[in-house]
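Trainee: I've got a fold open here and want to talk through its strands. Can we start from one bridge and work outwards?
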Amino acid sequence: MLSDTTTRSAKTNPDKAYKLPGEKGMYVLIHQNGSKYFRLNYRFAGKRKTLPLGVYPETSLKAARDKRDIARKQLADGIDPAEFKKTKRQEIVTKQNNAFNLVFERWLAVNQKWGDKYREDVRACVTNHILPFIGDISMNEITRDHLIVIINRLKAIGESLIFAKDFSGHPA
């Protein structure tokens with residue numbers, strides 16, 4: 001049975017990597033350079049697959065076992081844990097690339113016809129009054145309530161710049 005002591009004290013083999021077996025398909029892969037990787041072997045749709053669970057000691061044995069148990073539950077529910085992990089990672093990247101602040105910067109870059117002064121006025125207004133509230137939020141997660149908070153804040157501080165100019169590139 002795999003334990004923290006055996007994982008910590010596992011010696012490297014200069015000739016080849018080797019496995020310390022655990023239970024329920026989990027093992028620790030010990031590389032020649034001394035790095036230790038938790039892995040889970042499983043079968044899905046008739047194919048043998050391996051799921052990385054973490055690197056020791058950053059990932060503890062308990063955390064690796066928890067990840068293994070989650071993966072085994074996914075398998076029981078007919079979900080491929082590696083594909084699930086890949087999809088989740090892709091969703092995070094997509095969400096980050098679709099954050100309001102990045103979309104705003106791309107939108108600002110597209111409007112090259114604007115004068116430098118007007119572009120900086122728009123940037124300053126959005127940077128000071130909008131980005132602090134919704135800058136990191138994905139565009140498809142911005143709600144009416146987010147916008148109401150921003151509008152009410154602008155009204156409260158008497159900000160007129162955003163209302164004095166529209167965003168088509170021409171002063172109102």
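**Sheet and helices**

Mentor: Take Met26: the residue it bridges to in S3 is Leu40. Keep in mind that this is a predicted model.

Trainee: How many bridges join S2 to S3, and which way do the two run?

Mentor: Five bridges, and S2 and S3 run antiparallel. The two strands form a hairpin with five residues between them. In that turn, Gly34 has a positive phi of about 100°.

Trainee: And S3 to S4, how many bridges there?

Mentor: Nine, with S3 covering residues 36–44, and that pairing is antiparallel too. Asn41 has Thr50 in S4 as its bridge partner, and Tyr37 stands opposite Val55 in S4.

Trainee: What about the turn between S3 and S4?

Mentor: Two residues separate the strands of that hairpin, and Ala45 in the turn has a positive phi of about 55°.

Trainee: Zooming out, what is the strand order, and is the sheet open or closed?

Mentor: Open: four strands in the order S1-S2-S3-S4, with antiparallel pairing. S1 (18–21) and S4 (47–56) are the edge strands, each pairing on one side only. From one strand to the next, the twist averages 35°.

Trainee: Switching to helices. Which strands does H2 lie across?

Mentor: H2, residues 61–76, lies across S2 (26–30), S3 and S4. Its direction is at about 10° to S3.

Trainee: And H3, at what angle does that run to S4?

Mentor: About 55°. H3 spans residues 81–97 and lies across S3 and S4.

Technical notes
Residues numbered from 1 in each chain as written. Predicted model: local features only at pLDDT ≥ 70, side-chain atom pairs only at ≥ 80, totals over all residues. Heavy atoms only, no water. Pairing = 2+ DSSP bridges. Axes fitted to C-alpha atoms, helices over the stretch in contact; angles between N-to-C directions. Contact = heavy atoms within 4.5 Å.
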